[in-house]
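Biologist: I've got a structure open that I've never looked at before, and I'd like to know what stands behind the words people use for it. Can we go through it together?

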Amino acid sequence: MTSRNLQKLSSPQCAYDVFISFRGEDTRNNFTDHLLTALHQKGINTFRDDEALERRKSVSPIVLKAIEESRFSIIVFSRNYASSICCLDELVKIVKCMETMEQTVFPVFYDVEPSDVRKQAGKFERAFAEHEDTFKQNMERVSRWREAMTEVANLSGWALLDRHESKFIEDIVEEISVRLGQTFSIVSKELVGIDSRIRETELLLEMGLDGVRFIGICGTKGIGKTTIAQAVYDSLSCQFEGNTFLSDVGEVSERFGLVSLQQQILSDIFKERNVNMSLWNVNGGAAAIRKMIYFKKILLVVDGVDKLEQLESLAGNHDWFCEGSRIIITVRDENLLVRHGVDRIYRVERLNHDEALHLFCRKAFKKEQPENDYVELSNLFVNYVYGVPLALKVLGSFLFGRSIPEWKSALKRLEKYPDYWKSLK
């Protein structure tokens, strides 16, 4: 199995919370290293290229992909940042992601005047003069570098100046944590009926208490178990020293084995692409997880479990985990949670009629209420699928833009075959 296949099956949408662009010779062993450590301690998943950019003439595809898959980018403008072609190419890519993917970008001015970066003065002026001499035949590239630097340097960020570096880093990490929470809030508004379900789940987690807590989320297929778990994970993950979301555990373990998921836990928790992968069997993997994560406060989501052995191998007993850790498990079969000894169980209820109609209309009409001629039909569809979010979304998307006769034909099929909606995916 390739890591890309596993990532597709068992990771949240964004691979990283933060991407850091920096000039290695200036900050690799001091400021950037300290910032990375502080972000990791806060549980913020951060990509930092560990290879020496100075040895390269172009940005690697891995780095470009990491920029695309990050929620935020931090650019550490230091004295020699503009001398690096790779740094400047990263900067252009980041600006493109900011403009086309709404990525949030923060400039950090480390031991440089912000005005020098904005105007490309001082050392920045000399660096660009050298680039213009080198790239006489490709001045357009140099212009893109200049434009990208000016644009980012005019964004709201942080300047070190005469401040203590530790407090400076603390402020950056706090701001990122707050922004991650805001990102979650924006997303949650698009999820009908999610707020109350998130609150109930978080109450069960009892975040203000010490100890280790296991909670289970159970319900029928399509009821929204994974959506709730993902929303809670996005909201709370920055409060932990490490976190990982294992999606579709039943499917992934069937296709690739439990060892692959054990490897992902260690890789995600320790934020290393090449964390020790010499796990030969499930028992050895369980022992390695217990040994390595015991001293880290973590948030672990084990989603889509369908066998007890999966829980025993990925999230064994309470004594596997450090004080303050939280483990969320989603299943259809509540008995699995009982047998594993979880502390509390949240049974997901179906959407009420108003919530269900709201969700259905978002998909069928791209607005909050049904069209006048479709009110009765909309209510009939909502009644037949009885508040199952997945069914409402599938049916609504299928019916979008279709005529009333087509709606009536689909309704007849639904009356005859209650699971008809599953064939539409």
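Modeller: Sure, and keep in mind that this is a predicted model. Let's start with α18 and α19, whose axes lie 10 Å apart and make an angle of about 150 degrees.

Biologist: What kind of crossing do α18 and α19 make?

Modeller: A right-handed one, as α18 passes α19.

Biologist: How do you know which residues of α18 and α19 meet?

Modeller: Contact means heavy atoms within 4.5 Å. On the α18 side F381, V382 and V385 take part, and they meet A391, L392, L395 and L399 of α19. By class, that contact has 7 nonpolar residues, with no polar and no charged ones.

Biologist: Which residues of α19 are buried?

Modeller: In this helix, residues 389-399, the buried ones are P389, A391, L392, V394, L395, G396 and L399. They pack against α17 (353-364) and α20 (404-416) as well as α18 (375-385). Just after α19 comes G401, with a positive phi of about 80 degrees.

Biologist: Why is T201 called buried?

Modeller: The cut-off is under 20% relative accessible area. T201 has 0% relative accessibility, so it counts as buried. T201 is found in helix α10 (residues 194-205). Leaving aside neighbours within four places in sequence, T201 is in contact with I215, I217, I228, V232 and Y346.

Biologist: And S177, why is that one buried?

Modeller: S177 has a relative accessible area of 8%, and buried means under 20%, so S177 is buried. You'll find S177 in helix α9 (residues 165-188). Not counting residues up to four places away in sequence, S177 touches K42, I44 and C238. The C-alpha atoms of S177 and L236 are 9.8 Å apart, although 59 residues separate the two along the chain.

Biologist: Now the sheets. What makes β7 and β10 edge strands?

Modeller: They belong to an open sheet of 5 strands, in the order β7-β8-β9-β6-β10, with parallel pairing. β7 (242-246) and β10 (344-347) each have a single partner strand, so one side of each has no neighbour in the sheet. From one strand to the next, the twist averages 15 degrees.

Biologist: How do you know that β6 and β10 pair?

Modeller: Pairing takes at least two bridges between the strands. β6 (residues 213-218) and β10 are joined by 4, and they run parallel, so by that definition they pair. One of the partnerships is G216 with I345 in β10.

Biologist: Which helices lie across β7 and β8?

Modeller: Helix α12 (residues 249-256) does, running at about 80 degrees to β8. Helix α13 (residues 258-270) does too, at about 145 degrees to β7.

Biologist: What is the strand order in the sheet that holds β3?

Modeller: That open sheet also has 5 strands, ordered β2-β1-β3-β4-β5, and the pairing is parallel. Its edges are β2 (46-48) and β5 (158-159), each with a single partner strand, so one side of each is left without a neighbour there. Helix α5 packs on this sheet, touching β1, β3 and β4, and its direction makes about 145 degrees with that of β1.

Biologist: How do you know that β3 pairs with β1 and with β4?

Modeller: Count the bridges against the minimum of two. β1 and β3 share 5, while β3 and β4 share 6, so both pairs qualify. I74 of β3 is the bridge partner of I20, and I74 also stands opposite F106 in β4. Further along, F77 has F109 in β4 as its bridge partner.

Biologist: What makes β3 "mostly covered"?

Modeller: 7 of its 8 residues are buried.

Biologist: Which residues touch the most other members of the largest nonpolar core?

Modeller: I75, F77, L91, V117 and M149, out of 34 residues in that core. Several elements supply at least two residues each, including β1, β3, β4 and α7, but α5 gives the most, with 8. F77 shows it well: among its contacts beyond four places in sequence are L91, P107, V117 and M149. Apart from that core lies another, of 32 residues, among them F214, I293, L337 and V342.

Biologist: Why would nonpolar residues gather like that?

Modeller: As a general tendency, nonpolar side chains in soluble globular proteins tend to be buried together.

Definitions and conventions. Residues are numbered from 1 along each chain as its sequence is written. This is a predicted model: local features need pLDDT of at least 70, side-chain atom pairs count only at pLDDT 80 or more; totals for chains, interfaces and linings use all residues. Side-chain values use heavy atoms; hydrogens and water are left out. Buried means under 20% relative accessible area, exposed over 50%, partly exposed in between (1.4 Å probe, protein chains only). Axes are lines fitted to C-alpha atoms, for helices over the stretch in contact, and angles run from 0 to 180 degrees between N-to-C directions. A crossing is left-handed if the near helix is turned anticlockwise from the far one by less than a right angle, and right-handed if clockwise. Ala, Val, Leu, Ile, Met, Phe, Trp, Tyr, Cys and Pro count as nonpolar, Asp, Glu, Lys and Arg as charged, and the others, Gly among them, as polar. A nonpolar core is a set of buried Ala, Val, Leu, Ile, Met, Phe, Trp, Tyr and Cys residues joined through side-chain atoms within 4.5 Å.
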